[in-house]
Amino acid sequence: MVSPRVHLGALQLLLQLLLQLLLLSSPRVGGNEVTVPEEEAGGYTRRSRSFVIDYEKDAFLKDGQPFQMLSGSLHYFRVPRIYWRDRLRKMRKAGLNTVATYVEWSLHEPTPGRYDMTGELNLANFIQVADEEGLLVNLRVGPYICAERDMGGLPPWLLSIKPDIKLRSSDPVFQRYAKRWLDVLMPLVRPRLYGNGGPIILVQVENEYGSYPACDHAYLLWLRDEFRAHVRGAAVLYTTDGAGASYLKCGKIPGVYATVDFGAGSDVVQAFASQRKVEPRGPLVNSEYYTGWLTHWAEKEQTVATADVLRNLRWMLANNASFNFYVFMGGSNFGFTAGANFGSDFQPQLTSYDYDAPLTEAGDPTPKYFAIRDAIAEKTGRTVGTPPTAAAKLALGPVLLQRAADLQALAAGPAASAAFPRDFEQLHQAYGYVLYETRVPDNFVAKKGKAVLMASRIRDRGIVFLDQARRGVLCRGKPHRIGLTLTGVSPGQRLSVLVENQGRINYGARLNDSKGLGNVTLDGRPLRGWTMTQLPLNNATRLDELVRRATRRLQRRQHIANATEAADVLPRDPKRDVPGVYVGRFVVPPGTAARPGSVDGDVFDPYGDRDTPPLPDTFVDTTGWGKGVMFVNGFNLGRYWPSEGPQLTLYLPGYLLRPHPQHNTLVVIETDLAPEIPAMTLVDRPNLNGPLCASAAGSTANAPAGPSPSGGPVARSCC
């Protein structure tokens, strides 16, 4: 007979478990603000499902049956939400059964303790749409993701909290904030795991940790246990690393299934042999099979031949290997989200993440798409629906712009002061620009009329002015460009350096990538007494005020242009080499209607105030400009840099456009040199492979910065 005390103990234990479940499912964690969508209640009620590894049959088992994952990567944060269903349906029509996406911590927690899971960041809705379109989900949580994103998806404010933080390690500060993030994210994920009735079959722990020098096994075990506590066997936990013993040595986590990644140029048998050394049994999995490659500024567009992709694909299909195309669609690095690499030099990445993928940046199918679709159909014996076609695009022609103000008009507030320049992170600024200013010392005497300005720690690019006259450019990672020889330097002159964050490093040992000017010397003498004007370009109200002020002048100018159609009567910009804000307006022609590709008709998901189909996409051609950032109707399309190349056009999604007769506003932040007659052209096709370091009409970004500190000439260099 069981005693009443045992019954009471069991009841107490049950109550404790129920209380823990309630706490874990709460949208408020540790007193922090969490914004979740209204529909955030789960909705998945199916049970008696399982997704596991069968180590005897070397396979995944889905509900007890062997399963070969045919997956493609599409990152929800790189594609506007209104197009998610369209892109996911095209993936399903290619024969895929799974979609993989990273989860970007920095977007969901932009400032410490403030979380956003709504709107364009509604991960729950992305997972739901994937499920509705017949796709399972491979969720790559990280919390580090790389993904060619700023700081690999880690929030930059970590560097403000602890500048010497050891990222991706047992550093207690890093673990504290990573755990807090997972305790917000994973309760939203849990009801969507396959074993709990949702579509998520895989959850990734960390990301290519074997490529990171920390090799902190205690951290990996801690992170594994954090995921286990949330997932509880309802999905498979896995890691991904390069296909080599050196990567898997530190990337493999005990009790977590190890997979490898490799591309079309790799020996597929040898690559999977490296996986077998750490996972003797279980499914073969290529968790990143590269369909293309990333491209940096000043680098020819990277492509991978379709025939090469098909060669290893057919082997994997025939040998029951699971795979994930990286990427099946790349999308765009809108705003300031693009990251950077550092090999022999600092290499910021493009705004476009087209990646030479099967679906283009605009979501259109390519010959590579159809070749993959055919190869999968050969294996499976069937095709899914009718093949998609490309959607028509808009070519709206030139848009005239009016200089509205100098860049300082967008300052976030009064300038800060310090003896020496402070980094962005010390100023609690994540992105954009900071204008650093000081005075030449009163007792300074230039030698032979020249003085060498040195900024050895500049991160990343600085435009130098002396009494508001442009003198040159300083560039990170280029030894001959961290110094600048100035002539005519006099005591009391104002020295200004506009520093741009071009994207934090996202891969390798240099993730602690703080931004700023660093200490500066003039002929070896440290310069003190600096002011710092912050220009994060995230104040929509201030931008709107500039637009309103510029509108009347712009209307007069457009009236002149329309009446005369003669370029010689248009006013020239007298300050085009001074960083400034340019404003233009345009109207979509009457009768312009949405023209989606043929993916079973009009596929878009209304949400919020978006209840009509979007207008067709277009592309903004930046040829003739120098360098800067572009906004359309208040949305930051990202960085442009045609003088560096190869990307000349920015993708403008049609959902951002206002229909006729409403005006659309184009705002350009130009830092280098605007064209004499400022204008940009809206075209119907992208150009991602323009000339490198070309002499554009309005650019001097490729011009030498002046004599080297030693007095000799400087080699021509892009920066």
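Both Trp157 and Tyr177 are buried in this predicted model. These two residues also make a good way into the aromatic side of the structure. Rings of Phe, Tyr and Trp count as a pair here if their centres lie within 6.5 Å, and on that basis the model holds 37 aromatic pairs. One of these pairs joins Tyr55 to Tyr257, in an edge-to-face arrangement with 6.1 Å from centre to centre and 65° between the planes. Tyr55 sits in the loop between strand E2 (51-54) and strand E3 (59-62), while Tyr257 belongs to strand E11 (residues 257-263), so this pair ties together parts that are 202 residues apart in sequence. As for solvent, Tyr55 comes out as partly exposed because its relative accessibility is 41%, which falls between the 20% limit for buried and the 50% limit for exposed. Tyr257, with a relative accessible area of 2%, is buried.

Back to Trp157 and Tyr177: their rings form an edge-to-face pair too, with the centres 5.4 Å apart and 75° between the planes. Trp157 is in helix H5 (residues 157-161) and Tyr177 in helix H6 (residues 172-189), so here the pair ties together parts that are 20 residues apart in sequence. Neither ring stands alone, as Trp157 and Tyr177 belong to one aromatic cluster along with Trp105, Tyr115, Phe174, Trp181, Tyr209, Tyr212, Tyr219 and Trp222. Tyr212, a member of that cluster, has Arg168 lying over its face, at 4.3 Å from the ring centre. Elsewhere, Arg510 lies over the face of Phe342, and the distance to the ring centre is 3.9 Å.

Another arginine, Arg639, is worth a look for its surroundings. Arg639 is found in strand E30 (residues 635-640), and it counts as buried because its relative accessibility is 4%, against a cut-off of under 20%. What does the side chain of Arg639 reach at 3.1 Å? The partner is the backbone oxygen of Asn501. Asn501 is also among the residues that Arg639 touches beyond four places away in sequence, and its neighbours Glu500, Gln502 and Gly503 are on that list as well. The other residues touched are Trp297, Gly335, Phe336, Ala338, Thr351, Gly628, Val629 and Leu650. Ile669, which lies 30 residues from Arg639 in sequence, has its C-alpha 9.4 Å from the C-alpha of Arg639.

Technical notes:
Residues are numbered from 1 along each chain as its sequence is written. This is a predicted model: local features need pLDDT of at least 70, side-chain atom pairs count only at pLDDT 80 or more; totals for chains, interfaces and linings use all residues. Side-chain values use heavy atoms; hydrogens and water are left out. Helices (H or I, at least four residues) and strands (E, at least two) are DSSP runs, numbered from the N terminus. Buried means under 20% relative accessible area, exposed over 50%, partly exposed in between (1.4 Å probe, protein chains only). Contact means heavy atoms within 4.5 Å. A polar contact is a pair of N or O atoms within 3.5 Å; within protein, one must be able to donate a hydrogen and the other to accept it, and residues adjacent in sequence count only if both atoms are side-chain atoms. Rings of Phe, Tyr and Trp (its six-membered ring) pair if their centres lie within 6.5 Å; planes under 30 degrees apart count as stacked, over 60 as edge-to-face and the rest as tilted. A charge sits over a ring if NZ of Lys or CZ of Arg is within 6 Å of the ring centre and within 35 degrees of the ring normal.
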